[in-house]
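User: I'm new to this one and would like to find my way around it. Could you show it to me, and then I'll ask about it bit by bit?

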Amino acid sequence: MPDDNSSANPRPVMGIGSCLAGNAVRYNAQTKSPNQYVRGISENFEMRAFCPEMGIGMGVPRPPIHLVGSESSVRALDVDTHSNDFTDKLAAYAGKVLELAPELCGYILVKGSPSCGYERVKRFADNGHSVASDQRGIFAAALGRADPLLPLEDDGRLNDPGLRESFVTRAYTYHDWKTLCITGLTPHRLVEFYSRYKYLVMAHHMPTYKILGRLVADAGKQPMDALSARFIAELMAGLTHRATRRSHSNVLFHLSGYLKRTVPSAERQRLRDLIDQYRQGLVPLIVPITMLRHHFANNPNAYIDQQVFMAPYPDELQLRNLV
Ligand code: SF4
């Protein structure tokens with residue numbers, strides 16, 4: 001995939017380290033093989049590849065760099081001489097990426113990289129000895145500071161089904177939010193947005209659900225800029241909490257209550273049994289969700305139809321098959 005900064009695609013836009021996207025941009029002119037989960041995500045988003053080291057003019061092939069210093073103050077220096085410092089340029093490139101692709105709704109970083117690593121990047125002493133693995137890459141850290149709402153993960157962490165599900169959920173949510181902001185944020189639209197996310201938030205973090213409810217109750221009474229900034233910060237933070245089988249089951253039982261008047265009790269009991277099997281870890285989330293969707297397809301409910309919880313991302317990603 002070439003580095004591509006063009007726009008005009010309706011799919012959500014995801015950033016990715018260029019080497020993971022198949023470009024031979026590593027210091028040794030190699031690519032890095034994406035795992036199956038990076039490939040799966042790449043098929044569902046419009047991917048934009050960026051290489052910070054190439055972006056600041058380091059060229060390829062190039063001398064490798066690593067992180068040197070104390071835990072709270074590291075610099076990206078060339079491995080061989082420690083006399084060339086790339087820290088400030090790599091950090092500044094994060095701002096450039098957000099300028100080039102303001103529509104980004106997530107970013108897949110590169111495990112272990114002194115520029116693009118999400119966490120546990122190796123740190124070295126002045127004498128070149130490895131002293132710890134406790135850093136975030138310089139570019140990755142700056143990207144997180146420049147847009148604290150932007151969901152970040154690296155290819156290694158995406159092997160974890162729960163982290164993967166949370167990352168993709170947050171990416172689609174951020175895309176949805178950015179689309180709303182482009183449309184024009186009004187108190188009424190904020191209330192509608194929250195209404196669609198209620199059950200998803202409930203599944204991830206009940207305290208956030210309550211905070212958002214109180215915030216939205218103030219829509220129209222407080223300045224929209226401050227209110228909406230607080231709203232989206234709380235929402236994105238709330239969605240970083242992992243939904244559990246227990247919290248998902250709680251939401252599923254809530255939703256099944258909407259079928260009370262339309263579905264015979266024997267069928268509702270079968271649904272409740274499935275939800276309970278899911279809660280006990282006997283079947284994956286997709287099983288009771290599919291049954292719920294089936295019932296709501298036969299008995300449409302406008303409020304439930306709009307709930308993001310029912311389909312937070314395309315089924316092709318198969319994220320609910322493993323959680
Ligand atoms: S890890 Fe980042 S800086 Fe290194 S080659 Fe990949 S995209 Fe470029």
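**Strands, helices and domains**

Analyst: Let's begin with one pairing: strand β3 (residues 65-70) and strand β6 (residues 121-124) run parallel and are joined by two bridges. Keep in mind that this is a predicted model.

User: Which residue of β6 stands opposite Leu-67?

Analyst: β3 and β6 share two bridges, so there are few places to look, given that pairing takes at least two bridges. For Val-68, the bridge partner in β6 is Phe-124. For Leu-67, the residue standing opposite in β6 is Arg-123.

User: And β3 with β4, do they run parallel or antiparallel?

Analyst: A hairpin of two residues leads from β3 into β4. Ser-70 stands opposite Ser-73 in β4. Six bridges join the two strands, and their direction is antiparallel.

User: What is the strand order of the open sheet with mixed pairing?

Analyst: The edge strands here are β4 and β7 (130-135), each pairing on one side only. β3 pairs with β4 and also with β6. Put together, the four strands give the order β4-β3-β6-β7.

User: By how many degrees are neighbouring strands of that sheet turned against each other on average?

Analyst: The sheet in question is the open one with the order β4-β3-β6-β7. Leaving direction aside, its neighbouring strands are turned against each other by an average of 45°.

User: Now the sheet with parallel pairing. Which strands stand at its edges?

Analyst: This open sheet has four strands in the order β2-β1-β5-β8. An edge strand has a single partner, so one of its sides has no neighbour in the sheet. The strands in that position are β2 and β8.

User: What does the twist average from one strand to the next there?

Analyst: We're still in the sheet with the order β2-β1-β5-β8, where the pairing is parallel. From one strand to the next, the twist averages 25°.

User: How many bridges join β1 to β2?

Analyst: Strand β1 (residues 13-17) runs parallel to β2, and Val-13 stands opposite Glu-46 in β2. On its way to β5, also parallel, β1 has four bridges, with Ile-16 opposite Ile-108. Between β1 and β2 the number of bridges is five.

User: What handedness does the β-α-β unit have?

Analyst: The unit is made of β1, helix α1 (residues 36-44) and β2. Its two strands run parallel. The handedness of the unit is right-handed.

User: Why is β2 largely enclosed by the rest of the structure?

Analyst: β2 covers residues 46-50, and a residue counts as buried with 20 or more other C-beta atoms within 10 Å. The strand is largely enclosed because the number of its five residues that are buried is four.

User: Is Met-14 buried or exposed?

Analyst: Met-14 is found in strand β1. Beyond its neighbours within four places in sequence, its contacts include Ile-41, Met-47, Tyr-107 and Ala-171. Met-14 has 25 C-beta neighbours inside 10 Å, so the verdict is buried.

User: And Gly-184, buried or exposed?

Analyst: Gly-184 sits in the loop between α5 (161-183) and α6 (187-204). Its C-alpha is separated by 41 Å from that of Arg-75, 109 residues away along the chain. With 7 C-beta neighbours inside 10 Å, Gly-184 counts as exposed.

User: Which strands do the buried residues of α4 pack against?

Analyst: Helix α4 (residues 138-146) has buried residues including Ile-138, Phe-139 and Leu-143. The buried residues of α4 pack against the helices α2 (52-55) and α3 (87-100). As for strands, they pack against β4 (73-78), β5 (104-109) and β8 (152-154).

User: Last one: which element gives the largest share of the side of domain 1 that touches domain 2?

Analyst: The chain is divided into domain 1 (13-159) and domain 2 (161-323), and the contact takes 14 residues from domain 1 and 15 residues from domain 2. On the domain 1 side, α1 and β5 each supply at least two residues. By class, that side has eight nonpolar, three polar and three charged residues. Its largest share, four residues, comes from α1.

Methods. Residues are numbered from 1 along each chain as its sequence is written. This is a predicted model: local features need pLDDT of at least 70, side-chain atom pairs count only at pLDDT 80 or more; totals for chains, interfaces and linings use all residues. A residue is buried if 20 or more other C-beta atoms lie within 10 Å of its own, exposed if 12 or fewer, and partly exposed in between; C-beta atoms are placed from the backbone. A crossover is right-handed if, with the strands pointing away from the viewer, the path from the first strand over the helix to the second runs clockwise. Two residues are in contact if their C-beta atoms, placed from the backbone, lie within 7 Å. Domain bounds come from an automatic or database domain assignment. Ala, Val, Leu, Ile, Met, Phe, Trp, Tyr, Cys and Pro count as nonpolar, Asp, Glu, Lys and Arg as charged, and the others, Gly among them, as polar. Axes are lines fitted to C-alpha atoms, for helices over the stretch in contact, and angles run from 0 to 180 degrees between N-to-C directions.
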